[in-house]
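These are my notebook entries on a structure that is new to me. I put down what I looked up, in the order in which I looked.

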Amino acid sequence: MSNKLTIVTGYFGAPVLQLAEEIAAEENCPLIDLDREIEKRDGRSIKRLVMMNGEHGYRNNEYEVLAELAKADKALVLACGDGVLHDEDSRAIIAEGRLIIAGEDMSPDALWENARMQTDTYHAFMSFGTDEDKRKAFDSLLERQKKLFGGKL
């Protein structure tokens, strides 16, 4: 595997892709959005992949692409969702590189305001219910993400 991999993920509502773009520009290396790369290789959207193969199948795709990219002989910056950290094999690859968590410096309210504006989210809870219901689900996700990211925020 490669220690030239920088993985940028973060809290829902954090500017993950923007931070990854900044890091790639600063380090003069390619940026790859892991979800877009999976879609490009498979020909289907992430939403369709999950619908057809389930989340487990999608995590397998994620691992396969991550493992291939980790073998590259050049430095890469990867933007990806936090779900990649739920897979043990993917975490092993990530541990050999550098992990950056976007949104650690943002308040829960700022993250919520950004999350509310996203129209292309994969979080189903943002598609139905009242704003109060959505905020409760968001806060629950935020607590899970804090644990996943080591209690940071």
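Entry 1, a starting point. Leaving aside its neighbours within four places in sequence, which residues is Leu78 in contact with? I am working with a predicted model, and in that model I find Leu78 in contact with Leu5, Thr6, Ile7, Val8, Ile32, Leu34, Leu66 and Leu69 once those neighbours are set aside. Leu78 itself lies in strand S3, and I note it as buried because its relative accessibility is 0%. I also looked up one pair for distance: Leu78 and Ala95 are 17 residues apart in sequence, and their C-alpha atoms are 14 Å apart in space.

Entry 2, the whole chain. Before going on I stepped back to the protein chain, whose secondary structure comes to six helices and four strands. Read from the N terminus, the elements follow the order β-α-β-α-α-β-α-β-α-α. I then asked how the radius of gyration of the protein chain agrees with that of a compact globule. For 153 residues such a globule would have a radius near 15 Å, and the chain has 15 Å, so the two agree. Along its principal axes the C-alpha trace spans about 50 × 35 × 25 Å.

Entry 3, inside and outside. Of the 153 residues, 41% count as buried. Among the contacts with a separation of 6 or more, 72% are accounted for by residues 24 or more positions apart. The chain exposes about 8600 Å², and carbon and sulfur atoms supply 48% of that area. I also looked up the charges, and the mean positions of the 20 positive and 29 negative ones are 2 Å apart.

Entry 4, strand S3. I returned to the strand that holds Leu78 and looked at its two sides. In a regular strand the side chains alternate between the two faces of the sheet. In S3, which takes in residues 76-79, Leu76 and Leu78 are on one side and Val77 and Ala79 on the other, and as all of them are buried, both faces are covered. Which strands does S3 pair with? I found that S1 (residues 5-10) is joined to S3 by four bridges and runs parallel to it, while S2 (residues 31-33) is joined to S3 by three bridges, again in parallel. Within these pairings Ile7 stands opposite Leu78, Val8 stands opposite Ala79, and Leu31 has Val77 as its bridge partner.

Entry 5, strand S1. How many of the six residues of S1 are buried? The number is six of the six, so I write S1 down as largely enclosed by the rest of the structure. Both of its faces are covered, with Leu5, Ile7 and Thr9 buried on one side and Thr6, Val8 and Gly10 buried on the other. Besides its bridges to S3, S1 is joined by five bridges to strand S4 (residues 98-102), and these two strands also run parallel. In that pairing I find Gly10 opposite Ala102.

Entry 6, two helix residues. I picked Ser90 in helix H4 (residues 88-95) and asked whether Ser90 is buried or exposed. Its relative accessible area is 0%, and therefore I enter it as buried. Not counting residues up to four places away in sequence, Ser90 touches Tyr63, Leu66 and Val84; Leu66 is also one of the residues I had listed for Leu78. My other choice was Ala137, which has its place in helix H6 (residues 131-148). Ala137 counts as partly exposed because its relative accessibility is 24%. From Ala137 to Ser127 I noted 10 residues in sequence and 11 Å in space, C-alpha to C-alpha.

Entry 7, a backbone angle. Most residues other than glycine have a negative phi, and most peptide bonds are trans. With that in mind I looked up Asn28, where phi is near 50 degrees, a positive value in a residue other than glycine. Where does Asn28 lie? I located it in the loop between helix H1 (16-27) and S2. With a relative accessible area of 70%, Asn28 is exposed, whereas Leu78, where these entries began, is buried at 0%.

Technical notes. Residues are numbered from 1 along each chain as its sequence is written. This is a predicted model: local features need pLDDT of at least 70, side-chain atom pairs count only at pLDDT 80 or more; totals for chains, interfaces and linings use all residues. Side-chain values use heavy atoms; hydrogens and water are left out. The radius of gyration is taken over C-alpha atoms; the globule rule is 2.2 Å times the number of residues to the power 0.38. Buried means under 20% relative accessible area, exposed over 50%, partly exposed in between (1.4 Å probe, protein chains only). Contact means heavy atoms within 4.5 Å. Accessible areas come from the Shrake-Rupley method with a 1.4 Å probe; for residues, only the protein chains shown count as cover. Lys and Arg count as positive and Asp and Glu as negative; His and the chain ends are not counted. The place of a charge is taken as NZ of Lys, CZ of Arg, CG of Asp or CD of Glu. Two strands pair if DSSP finds at least two bridges between them.
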